[in-house]
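Biologist: Please take one part of this model and examine it closely, then set it in the context of its surroundings. A connected account would serve better than a list.

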Amino acid sequence: MSSVLDLARPELRRLRPYAAGAWEPDCIRLNANESPWRLPADKSERGLNIYPPPRPFALRAALARHYGVGEDELLVTRGSSEAIDVLIRGFCRSGVDGVVICPPTFDMYRLYAGIQGAEVLAAPLGESDDFELDVDRVVAAAGHGAKIVFLCSPNNPTGGSFPKPSIEAVCDALAGRALIVIDEAYHEFADAGHSLSLLRKYEHVVVLRTLSKCVALAGARCGALLAPPEVVEFLGGVLPPYTFPTPSIELVLAALAKDSLHVSSERIALIKRERERLAAALIDLPGVVKVYPSDANFLLVRTRQAQAFAETARQANILVRLFPSDPALANCVRITVGRPRDNDRLLRAVAGVESIDEP
Ligand SMILES: Cc1ncc(COP(=O)(O)O)c(C=O)c1O
């Protein structure tokens, strides 16, 4: 393989990119069939009567500074969900190529692969109880035509991070054969290091980040795909222009200001303390069998009766997540760490769940 892009869909590499109209903010815009007036309700800085820039350049610069990568190494996406989608669309030919996933994991990899017609090749996490990454299984599964391997670390919904040596072993084994996508949606809640050093080491590594969790902007839909410049440029051509909305650009720029980041980091620290407090309290409950170690802003809890646990929480007006269609997560409940008073309320509610032995 001479370039990582040899793994990409060849017909897309030949696709002529869309030529966007000139984007010069100080000119009168009679080139884009927009309205010349703002709505009275439009309080945005830029004006919502005007299309956003074809790519959010200012945001890309701010995010690149934030993550410590070059601007040409970062693609802004609508949530990291869109990054997953564009990767699969860019690299997997329908009916021909596949993606490796390590279940139980984030279900959107499976969904986007299915939408693209890419085969889903499963390399389940180890059965021994902490859901460890099985490197040999991943490499074997990739041998069946995978173009992408998704490694979610910290993993949703199990909560743990994969050891860096295991991730590196996958990268070494599959160099030149598949793109390794490390989804770090929850990285800010982990104590362990991140995978950015792997971006420097390998040309076939992609790292995904999101502002949905750590800076409280799930509603603004902002993610970042970090990759070698040729991968970013190629995927930028697969994404349609003008998709990143002006209100989101303005909100995310505000979220990346120093004062706002300070607030976010204090909240992250609080969530991490609450995670440990909640874990310690949950494990003492009669209906709880195990609380998995977590590097994320949630806990995976194995209970005796997940349905009863969830219903009891629901009666206290609290929603938790069940996984009824995944046998590996039978009787598991995923609990997002909330504010201290939310966590107290949950603990009070589920303290009453009976320890019911399974029939
Ligand atoms: C592991 C993982 N990756 C990606 C996402 C997508 O997040 P978003 O599209 O909000 O950035 C999520 C959302 O829950 C997630 O858990």
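**Strand S7 and its surroundings**

Modeller: Strands S6 and S7 are joined by four bridges and run antiparallel. The model is a predicted one, and strand S7 is the part chosen here for the close look. Within the pairing of S6 and S7, Leu-208 has Leu-225 of S7 as its bridge partner.

Strand S7 covers residues 223-226, and four bridges also join S7 to S1, again in antiparallel fashion. Along this pairing, Leu-74 is matched with Leu-226 in S7, while Thr-77 stands opposite Gly-223 in S7. The two faces of S7 are both covered: Gly-223 and Leu-225 are buried on one side, and Ala-224 and Leu-226 are buried on the other.

The wider setting of S7 is an open sheet of seven strands with mixed pairing, ordered S1-S7-S6-S5-S4-S2-S3. Its edges are formed by strand S1 (74-77) and strand S3 (119-122), each of which pairs on one side only. On average, neighbouring strands of this sheet are turned by 25 degrees against each other, direction ignored.

Helices are the next layer to consider. Helix H3, residues 79-91, lies across S7 and also across S1, strand S2 (98-101), strand S4 (146-152), strand S5 (179-183) and strand S6 (205-210), and H3 runs at about 155 degrees to S6. The axis of H3 comes within 10 Å of the axis of helix H8 (residues 229-238), and the two cross at roughly 95 degrees. H3 and H8 are therefore roughly perpendicular to each other. In their contact, Val-86, Leu-87, Arg-89, Gly-90 and Phe-91 of H3 meet Val-231, Phe-234, Leu-235 and Val-238 of H8.

Helix H6 (residues 164-173) also belongs to this picture, with Ser-166, Ile-167, Glu-168, Val-170 and Cys-171 as its buried residues. These buried residues of H6 pack against S4, S5 and S6, as well as against helix H5 (135-142) and helix H7 (196-201).

The nonpolar packing extends beyond this sheet. In soluble globular proteins, nonpolar side chains tend to be buried together. Here the largest nonpolar core has 83 residues, of which Val-149 and Leu-282 touch the most other members. Because domain 1 (4-256) and domain 2 (260-350) both give residues to this core, it lies between them. Leaving aside residues up to four places away in sequence, Leu-282 touches Val-288, Val-291, Leu-299, Val-301, Phe-309, Ile-335, Leu-347 and Val-350. A second, separate core has 34 residues, including Val-4, Phe-150, Leu-179 and Val-206.

A further open sheet has four strands in the order S8-S9-S11-S10, with antiparallel pairing. Strand S8 (288-291) and strand S10 (321-322) are at its edges with a single partner strand each, so one side of each is left without a neighbour in the sheet. Strand S9 (residues 298-303) and strand S11 (residues 332-336) are antiparallel and joined by five bridges, and Arg-302 has Cys-332 in S11 as its bridge partner. Helix H10 (residues 258-283) lies across S8, S9 and S11 and runs at about 150 degrees to S8. Helix H11 (residues 306-315) lies across S8, S9, S10 and S11, at about 30 degrees to S11.

To return to the chosen part, S7 is joined to S1 by four bridges and to S6 by four bridges, and Gly-223, Ala-224, Leu-225 and Leu-226 are all buried.

Key: Residues numbered from 1 in each chain as written. Predicted model: local features only at pLDDT ≥ 70, side-chain atom pairs only at ≥ 80, totals over all residues. Heavy atoms only, no water. Pairing = 2+ DSSP bridges. Axes fitted to C-alpha atoms, helices over the stretch in contact; angles between N-to-C directions. Contact = heavy atoms within 4.5 Å. Buried < 20%, exposed > 50% of the residue type's maximum accessible area, 1.4 Å probe, protein only. Core = buried A, V, L, I, M, F, W, Y, C linked by side-chain atoms within 4.5 Å. Domains from an automatic or database assignment. Parallel < 35°, antiparallel > 145°, perpendicular 65-115°, else oblique.
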